[in-house]
Amino acid sequence: MENISLILFVLLGALLLRALWQLVRLSWAPNARLPGPWYTKYTGLVTVYKEFNGTGAHWVEQLHRKYGNVVRIKPNEVDFNSPSAAKTIHSYRKPFTKAAFYSMLDFNPGVPSIITTRDNANHGRLRRLFSSSTSESSMKLVEPLVNERIDLAIQRMEEEMTAEGYADVLKWWVFMATDVSGHLSFGESFRMLEQKKKNQYAKDLEDASKGVALMQLSPRLWKTLGEWGVPIFRGLLALRARVQKYADESLRRQQRMQIVEAQNFRPTFFTNILREGEKNGDTMSWDEMRMNADAFIIAGADTTAHTLTYLVWQLSKLENVSMKKRLLEELSLLKDGFTNEDLKPLSYLQCVITETLRLHAAAPGQLPRDVPPGGAEIDGIWFEEGTVAVTQPFSLHRNADVFPEPEEFNPSRWEAPSKAMNDAFLAFGGGSRTCLGINLANMELRLATAKYFLKFPHSKVSTKEGFCDDDMEMWISFLMSPKKHRCLIELS
Ligand code: HEM
């Protein structure tokens, strides 16, 4: 008995000493001298909690207002809010690699997608493989598909308006953008606009994205609990199996159709990869294709749809009627059958899109990067390797030194943007990890905005069903969505 007490006493003493040593170490660590809440010297728990409950980005923005452009948010994580820091961290020449956070987003651990890979060489290989199908010149081939989906979305909005007295534009833009991404990944639209509902795969993918938050706690624990049959984790494992099966079958069908219907087959992001794969057998593994197909749908659907939703909502507000008028004046110069090329020179249209992406960035949360081996200087401060350097579009886009009156929706601010504005604008990410779908996204945003306002020039925010500004508050995890998942607009 005496021996057991002694062992316990020694163990407790050792634990206490270790905790004390940690406390002293963290109190004197280089990041401890930085501004930030005192507890972030010792723990990242508060930050993680806020990220989980969707208030993390707002909280970090508040911290910047209180402490300035450099804020410690975890013992080894620092958030930066200056255009110069954004430039350093997201540079093309000496890119900081993506931090460990991205591996936690891997749906299939060990098979990273182009979004989650942390290996620069692997990223370069994947980027090269997708470069031609996502290039500006390839967009001409994709334009008919985009036009067709936008036209059907607008028709559905009109029908809903007639039946209900309002249209939930969020719902129809989500179906539109998901159908487009579905076609470009799998060679066949999900036909959500036809069926007026989400298919099982899209629902599973959405739930899987939520499940990823759980996985972040511990991917291994998640898998073990699933295998032990704990309901929520078992459900997630089953869901992952369904998503993989769907991607598998869809890619195989696409591979067949590419040959059988070669004449009529519309190109996708995978057309060349599947073709080259047949010839060489080694351009991209089948698992990688599946992961990247899922990644394209997650990255390309809600992002585009939510941007369009906030754009329509802003211009349909009574107080912004002059902006809508100015846009309509510009659009009135277009001829019937206008194309993406015709829209590119429309400067006010571009200002409206950019301002929406500033104030309502679809991926506004943290973009964490590792300080490179040997350390690096950011905004005049030296950081050791091991520190995670974070930038988040949500606060950069609200930096009042760069964007005066940041909470105002003011497209005109982009008529003559300063260098600082351009450097601070991270809606599509930055440097070598800039959004690969940027050309597609811009084309969808231009065509959908122009077609929508030409069709519904009297678009105004509805108050039916209790719809109000509060519904549109931004809920942010990694991506952003309107809090109540709806946006009711009266079209005439
Ligand atoms: C308005 C629409 C969109 C917005 C705001 C947006 C935003 C972003 C952002 C912020 C990143 C960087 C993420 C990071 O650094 O962790 C990113 C990356 C990416 N996006 Fe988009 N995106 C949009 C549309 C699309 C579309 C339509 C696609 C394709 C279907 C797409 C595919 C990708 C891919 C593959 C990456 C990873 C690029 C890389 O790491 O090389 N995105 N996007």
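Reader: At what angle do helix α15 and helix α17 pack?

Author: Good place to start! In this predicted model, α15 covers residues 321–331 and α17 covers residues 347–359. Their axes lie 8 Å apart, and the helices pack at an angle of about 140°.

Reader: Why is α15 called oblique to α17?

Author: Think of the angle, about 140°. Roughly antiparallel needs an angle over 145 degrees, and roughly perpendicular runs from 65 to 115. The angle fits neither class, so α15 counts as oblique to α17.

Reader: How many residues of the contact of α15 with α17 are nonpolar, and how many are charged?

Author: Let's look at who takes part. From α15 come M323, R326, L327 and E330, while α17 brings Y348, L349 and V352. No polar residues appear there, and the split is five nonpolar and two charged.

Reader: Which helix gives the most to the largest nonpolar core?

Author: That core has 114 residues, and A153, V169, W173, M176, A389 and I489 have the most contacts inside it. One of them, V169, also touches M157, T309, V312, C487 and I489, leaving aside its neighbours within four places in sequence. With eleven residues, the top contributor is the helix of residues 169–186, α7.

Reader: Which element gives the largest share of the shell around the ligand?

Author: There are 23 residues around the ligand, with G300, T303, G429, C435 and G437 coming nearest. Elements giving two or more residues are α13 (286–300), α14 (302–315) and α20 (438–455). The shell divides into 14 nonpolar, seven polar and two charged residues. Its largest share, four residues, comes from α13.

Notes. Residues numbered from 1 in each chain as written. Predicted model: local features only at pLDDT ≥ 70, side-chain atom pairs only at ≥ 80, totals over all residues. Near = placed C-beta within 6 Å. Nonpolar A, V, L, I, M, F, W, Y, C, P; charged D, E, K, R; others polar. Axes fitted to C-alpha atoms, helices over the stretch in contact; angles between N-to-C directions. Parallel < 35°, antiparallel > 145°, perpendicular 65-115°, else oblique. Contact = placed C-beta atoms within 7 Å. Core = buried A, V, L, I, M, F, W, Y, C linked by C-beta atoms within 7 Å. Buried ≥ 20, exposed ≤ 12 C-beta atoms within 10 Å, placed from the backbone.
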